[in-house]
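This report describes selected features of a predicted model. The sequence and structure are shown first, and the notes follow by topic.

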Amino acid sequence: MRNVYLIGFSGAGKSTLAAALARARRMATRDLDAEIASEAGMPIPEIFAQEGERGFRARESAALRRVASCSGTVIATGGGAIIDPENREAMLATGWVVWLDADDETLLRRVRRQAERQADGGGRPLLAVDDPLARIRELKLSREPHYARAHIRIDTTGRSVAETVRALCAELDRLEGASGARAHKRMPVRVGGKVLGRDRPLTCVPLVGASVKSMLEQAALAARLAPDLVELRVDHVLDADESSLTHLLSGTAGLGVPMLLTNRRQQEGGAREQGEQARLALLRSGIASGSLSAFDIELATVPAEREQLIELGLRHGVPAIVSFHDFNAVPNDVALDSILQAMVASGASVAKLAVTPRDPADVARLLRWCRAESDRPGMMPLIVLGMGPYGLVTRLAGHLAGSALTYAATEATSGSAPGQPAVTELRTAWEALGIASSDERERHAVI
Ligand code: S3P
């Protein structure tokens, strides 16, 4: 049975809710900070004073490794435990991760109330500053991208313990039943007469024009290359708003090429800074337009927002490709597994992982992982891509390892990610390797 990890800022209610949730679900419970203090034989502020934050973090990682080896346990973590990537991946791999959130004033009020009650002043050395509210804002902001990897986010502001536990149990029940139930809801991604995951290899051409006008020019060029799918990377369009998107979608509708809408967040390779709400609003209006074959949504999008979009897509018949990007490395296999697990639980129809091999061994490992996962019965279609120079082979021949789609640019200079070949280069390589596109196979098929 998976653990449940409660993460979130000091004052979010992790320790209180861990005990209450464990009671409600008849699970064991452990408190990471309490274990660190008891193992060190001193309270947390003293560990900070004697060993610094580094010393504390080392103890925290060791404690997390210990608790991650148990199962069926609700674990209250410390507010900063999520910063360390190994801690993060261990939690995501061995349990459901729940982000407990609250507004800044509520967090401060709760921390102060505890400080008044406890002899050690509440044990929050990081908040022992002149302006704790500003400190909360600053630390929260820097940690939010990590908190956002959680499977569930619950806002505890103004909610009682009992209410929060009820909401939490409903979410956990949904997640636990999700993999099976959601598989039924999964929609095939049909592009023209083909289906992603069934017909291979398929090609998607991303468009990266800085204006609707240049997008439309690129779209006309792309259509001549007869790709299976065209990706509208609207994060590249400087004046992207709902009316320019409508213009773009009506302008591309006549080309007869299936369209994928992507509005990439900047942290994962997006071309411009945009408010998260504006970013999601554009996706929402694209989904409702009736002009799309699919849309892309990052796994790192706040889960509630991500799920709303996926549901909206299901209602409008527009399947979601849930994506993850790492521009520095190929995460280890445990991390890849946990990313995919979260993608399956998200209810999306296709999973896309674009990562960066740093040597040939990374390439081999990535392809082997893709083969094993795409062969799993009931697995949704996977798009697995290596970026950068070592990744090229995965872009040319990833379909041999089960990857459903490859991205190729209209011209050598117009790619949307590192190492993307041009369509002509891709086709030359396929010819040289004796690989037929799914179109050619169809043409030559014997009936
Ligand atoms: C910390 C939060 C504390 C404790 C330590 C560091 C943090 O836990 O682990 O003081 O980095 O936010 P709580 O979140 O329970 O306050």
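## Strand β11

Strand β11, residues 294-298, is mostly covered, with 5 of its 5 residues buried. Its side chains divide between two directions: Ala294, Asp296 and Glu298 point one way, Phe295 and Ile297 point the other way, and all are buried. The residues on the one side thus listed include Asp296 and Glu298.

Strand β10, residues 259-262, pairs with β11 in the parallel sense, over 2 bridges. Within this pairing, Leu260 stands opposite Ala294 of β11.

## The sheet

Strands β10 and β11 belong to an open sheet of 8 strands with parallel pairing. The strand order is β14-β13-β12-β11-β10-β9-β8-β15. At the edges are β14, residues 382-386, and β15, each of which pairs on one side only. From one strand to the next, the twist averages 25 degrees.

Helix α13, residues 360-374, lies across β13 (350-355) and the edge strand β14. The helix runs at about 180 degrees to β14.

## Helices α9 and α10

Two packed helices are described by the angle between their axes and the distance between the axes. For helix α9 (residues 242-253) and helix α10 (residues 276-288), the angle is about 40 degrees and the axes are 10 Å apart. That angle makes α9 oblique to α10, because only angles under 35 degrees count as roughly parallel. The crossing of the two helices, α9 and α10, is right-handed.

Which residues meet where α9 packs on α10? From α9 come Glu242, Leu245 and Leu249, and from α10 come Ala281, Leu282, Ser285 and Gly286. By class, this contact of α9 with α10 has 4 nonpolar, 2 polar and 1 charged residues.

## Thr410

Thr410 is found in the loop between β15 (405-407) and α15 (423-433). The strand before this loop, β15, is one of the edge strands of the sheet.

Is Thr410 buried or exposed? Its relative accessible area is 12%, and Thr410 is therefore buried, since the cut-off is under 20%. Leaving aside neighbours within four places in sequence, the contacts of Thr410 are with Val205, Leu207, Gln218, Ala222 and Leu225.

Key. Residues are numbered from 1 along each chain as its sequence is written. This is a predicted model: local features need pLDDT of at least 70, side-chain atom pairs count only at pLDDT 80 or more; totals for chains, interfaces and linings use all residues. Side-chain values use heavy atoms; hydrogens and water are left out. Axes are lines fitted to C-alpha atoms, for helices over the stretch in contact, and angles run from 0 to 180 degrees between N-to-C directions. Helices (H or I, at least four residues) and strands (E, at least two) are DSSP runs, numbered from the N terminus. Angles under 35 degrees count as roughly parallel, over 145 as roughly antiparallel, 65 to 115 as roughly perpendicular and the rest as oblique. A crossing is left-handed if the near helix is turned anticlockwise from the far one by less than a right angle, and right-handed if clockwise. Contact means heavy atoms within 4.5 Å. Ala, Val, Leu, Ile, Met, Phe, Trp, Tyr, Cys and Pro count as nonpolar, Asp, Glu, Lys and Arg as charged, and the others, Gly among them, as polar. Buried means under 20% relative accessible area, exposed over 50%, partly exposed in between (1.4 Å probe, protein chains only). Two strands pair if DSSP finds at least two bridges between them.
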